[in-house]
Amino acid sequence: MPTSEVEAWFVREVLPLEASLMRFLQSACRNAQEAADLRQDVYAGVIAAARKSLPDRAKPFVFATARNLLIDRVRHERVISIDTVSDLDELGLVADEPGQDRVLIARDELRRLRAAIDMLPPKCREALVLRRIDGLSGREIAERMGIDESTVSHHINNGVRILAEKLYAEEPKRGKQP
Amino acid sequence: MSDVTANEAIETRAADWLVRRQFEGWNDAEQAKLDAWLAESDNHAAAYWRLKAAFDRTDRLAALRRPMMDRASPPTASRKPWMILSAAVAALVLLAVGGGIAGYHLLTPDGRTFATPVGGHMTVKLADGSVIELNTDTVLHTDFTPDRRAVQLVRGEAYFQIEHNAARPFTVTVGGHRIVDLGTKFFVRASPKQLDVALVEGRARLESTNASAQTRPTVLMPGDFAVATATSIGVSRKAVHELADDLAWRSGMLVFHNARLADAAGEFNRYGDVKLVISESASRLTINGAFPTNGAEDFAGVAHEIFGLHIDRRGKDIVLSR
C-alpha cells in the first residue's frame with residue numbers, strides 16, 4: 001500500500017474509533033497515561049498491517065490488535081488483570097456498521113472544534129488561534145504575544161496534542177441529521 | 001513493547017514536526033528529514049498522522065482568514081482573533097442551516113425547453129435515464145430523436161449525468177462548440193466570452209461546430225477542465241475536491257478558496273436579485289468559506305464583521321467598501 005493511502009485510511013477509518021478504543025483500553029489499564037501509551041502501540045500495529053494490505057473492516061481489526069497487545073502486556077508485565085482481558089471480546093468486537101455515512105455535520109464539527117479549542121490552556125489557545133485563524137507567522141505571533149518564537153512553538157506543540165486528545169475523545173456523529 | 005515515556009516522547013516529537021512545518025524555513029531538505037523520520041517507525045507515523053489529522057481539522061476555523069495584505073498591521077486589540085473566530089463559525093454555520101434553493105423534479109416528454117429563473121435550480125430526468133441539473137438563470141433545449149439526443153445550452157450552467165448509448169449519441173451544443181458524450185458526467189457553464197466544461201467521470205469530446213475552426217477536437221478525461229473561446233480550447237487539470245467545490249451549487253452552496261471578494265460577489269450575483277458591489281478598495285481582499293447561493297446578505301454581513309467593510313444599500317445593490 002502506498003503510504004498516502006495508508007495515511008488516508010488511518011485518518012478516515014481508524015481515528016474515528018479512538019473514543020471507543022480508549023474506553024476499551026482504559027477498562028484494562030491502571031491509568032489514562034498507560035491507555036494512551038497502548039493506543040499508540042495499537043496504532044503502530046494497525047499501520048504496520050495496513051502497509052501490507054488495508055483490512056476490509058477497520059473496527060474489528062483495530063480491536064483485535066488492541067486485545068492482542070493487552071494480552072502481550074499481561075504476559076510480559078503482569079499489569080492487567082486476566083479477568084479484564086477475558087471480557088474484552090464482547091466489549092470490543094461488537095459489529096461495526098460498515099458503509100455508514102461518516103460525513104460530519106458542519107455545525108456539529110464546528111461545535112466540537114470550538115469546544116476543544118476552548119478547553120486549551122490560554123497561551124496554547126492564543127498561539128494556535130493566531131496561527132490557524134489569523135494565519136500569522138511564528139515571528140508575528142511571538143511579537144503579538146510578547147514571547148519568543150521557541151515559546152510559541154512550545155505552546156502550539158502542546159496545543160496540538162491536547163486538541164487531538166479532546167477531538168478524538170468524542171464519538172463522531174454519523175449520518176445526516178434533519 | 002515500548003515504555004510510556006518512549007511513546008510520549010514520540011508524540012512530542014511528532015507535534016514538533018507539525019509545528020515546524022507550519023513555520024518559516026520549511027523546505028525540501030526539512031521535508032526529506034520528516035519523511036525519513038516517518039519511515040523510521042510505524043509508531044512515528046501513527047503519532048504524526050493522528051496529530052496532523054486533528055490539526056488539519058482546525059482548517060475549518062480558518063474559513064475566513066484575514067488577507068495577506070493586512071498582516072503587516074495586526075489588529076491592536078488582543079481579542080480580535082476571537083472575534084474573527086466567531087465570525088468564521090457564523091459563516092460556516094450557514095452551511096448547515098442554509099439548505100439552498102430547493103430543486104424540483106420534472107418528468108417530461110423529450111423535445112422541449114427548460115428554464116430556471118435567477119436563483120433557481122431544477123433537476124430534469126430524461127426518459128433515457130440521463131439527468132440534467134440546471135443551475136441559476138439557465139435555458140436549455142432538448143431535441144431527441146430515435147438516433148440522436150441533442151441538447152442546446154442557450155445560457156447558464158448545467159450538470160449532466162448521461163446514460164451512454166453509442167447508437168444514440170448525446171451532444172450538448174453551446175455557442176460554437178459541441179460536447180459529445182462518451183459515457184460521462186460533466187458540467188458546462190456558458191458565459192458571454194467563454195465556455196467552461198469540467199469532466200467529472202467518463203469521457204467526452206469537445207469540438208467546434210464550425211468546420212473551418214482552427215481548434216481540434218479534444219477528448220476530456222476525468223478532472224479535465226476545459227475553457228473554450230471562439231478561437232481556442234485550453235484544458236487544465238482540477239483535483240476532485242476542486243470539482244466538487246465547483247459543483248457545490250447542486251446542493252445550493254457556493255464554496256470559495258482564497259477568492260477575491262469581487263469574484264465571490266460576482267458568483268452571488270448570478271443567484272439573486274440583490275446585487276453585491278465591491279468597491280475597488282476592497283476588491284482584493286480574499287475570502288474562504290461556504291455560503292448558501294442565496295446568502296448574499298449574510299456574505300455582506302460577514303465581510304462587514306471580518307474586514308470592517310462599510311455596507312451601503314442603494315436600491316437593490318449592496319455596496320461594500322473600506
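Before I show the first helix pair, let me fix one term: a helix axis here is a line fitted to C-alpha atoms over the stretch in contact, and the angle between two axes runs from 0 to 180 degrees between N-to-C directions. Please also keep in mind throughout that what we are looking at is a predicted model.

With that in hand, take helix H9 of chain A, residues 138–145, and helix H10 of chain A, residues 149–169, whose axes come within 8 Å and cross at roughly 100°. Since angles of 65 to 115 degrees count as roughly perpendicular, that crossing makes H9(A) roughly perpendicular to H10(A). On the H9(A) side the residues that take part are Gly138(A), Arg139(A), Ile141(A), Ala142(A) and Met145(A), and they meet Glu149(A), Val152(A) and Ser153(A) in H10(A). Sorted by character, the residues of this contact divide into four nonpolar, two polar and two charged.

Let me step back to chain A as a whole. Its secondary structure comes to 10 helices and zero strands, and read along the sequence it follows the pattern α-α-α-α-α-α-α-α-α-α. Of its 178 residues, 38% count as buried, and among the contacts in chain A with a separation of 6 or more, 66% are accounted for by residues 24 or more positions apart.

One such pairing across the sequence involves Ala19(A), which has its place in helix H2 of chain A, residues 18–26. Ala19(A) and Tyr168(A) are 149 residues apart in sequence, yet they are 5.9 Å apart in space, taken C-alpha to C-alpha. Ala19(A) itself counts as partly exposed, because it has 15 C-beta neighbours inside 10 Å.

At the start of the chain we can ask how burial is distributed around a helix. In helix H1 of chain A, residues 3–14, the buried residues are Val6(A), Phe10(A), Glu13(A) and Val14(A). Seen down the axis of H1(A), these buried residues fall within an arc of 100°, so they line one face of the helix. On the other side of H1(A), Ser4(A), Glu5(A) and Arg12(A) are exposed.

Now to chain B, where the secondary structure comes to seven helices and 17 strands. Of the 322 residues of chain B, 37% count as buried, and residues 24 or more positions apart account for 47% of the contacts in this chain with a separation of 6 or more.

Both chains appear in the largest nonpolar core, which holds 57 residues, and the members that touch the most others are Ile47(A), Val62(A), Val160(A), Leu18(B), Leu51(B) and Ala54(B). The largest share of this core, nine residues, comes from helix H3 of chain B, residues 42–57. Leaving aside residues up to four places away in sequence, Leu18(B) touches Val160(A) in the other chain, and also Tyr48(B), Leu51(B), Lys52(B) and Phe55(B). Apart from that core lies another, of 32 residues, with Leu126(B), Leu140(B), Val200(B) and Ala226(B) among them.

I will finish with one backbone detail, for which a general point is useful: most residues other than glycine have a negative phi. Asp137(B) is not a glycine, and its phi is nevertheless positive, at about 50°. Where does Asp137(B) lie? Asp137(B) is found in the loop between strand E4, 131–134, and strand E5, 138–145, of chain B. With 16 other C-beta atoms within 10 Å, Asp137(B) is partly exposed.

Terms used:
Residues are numbered from 1 along each chain as its sequence is written. Chains are lettered from A and ligands numbered from 1 in the order in which they are written. This is a predicted model: local features need pLDDT of at least 70, side-chain atom pairs count only at pLDDT 80 or more; totals for chains, interfaces and linings use all residues. A nonpolar core is a set of buried Ala, Val, Leu, Ile, Met, Phe, Trp, Tyr and Cys residues joined through C-beta atoms within 7 Å. A residue is buried if 20 or more other C-beta atoms lie within 10 Å of its own, exposed if 12 or fewer, and partly exposed in between; C-beta atoms are placed from the backbone. Helices (H or I, at least four residues) and strands (E, at least two) are DSSP runs, numbered from the N terminus. Two residues are in contact if their C-beta atoms, placed from the backbone, lie within 7 Å. The arc is that of the directions from the helix axis to the C-beta atoms. Angles under 35 degrees count as roughly parallel, over 145 as roughly antiparallel, 65 to 115 as roughly perpendicular and the rest as oblique. Ala, Val, Leu, Ile, Met, Phe, Trp, Tyr, Cys and Pro count as nonpolar, Asp, Glu, Lys and Arg as charged, and the others, Gly among them, as polar.
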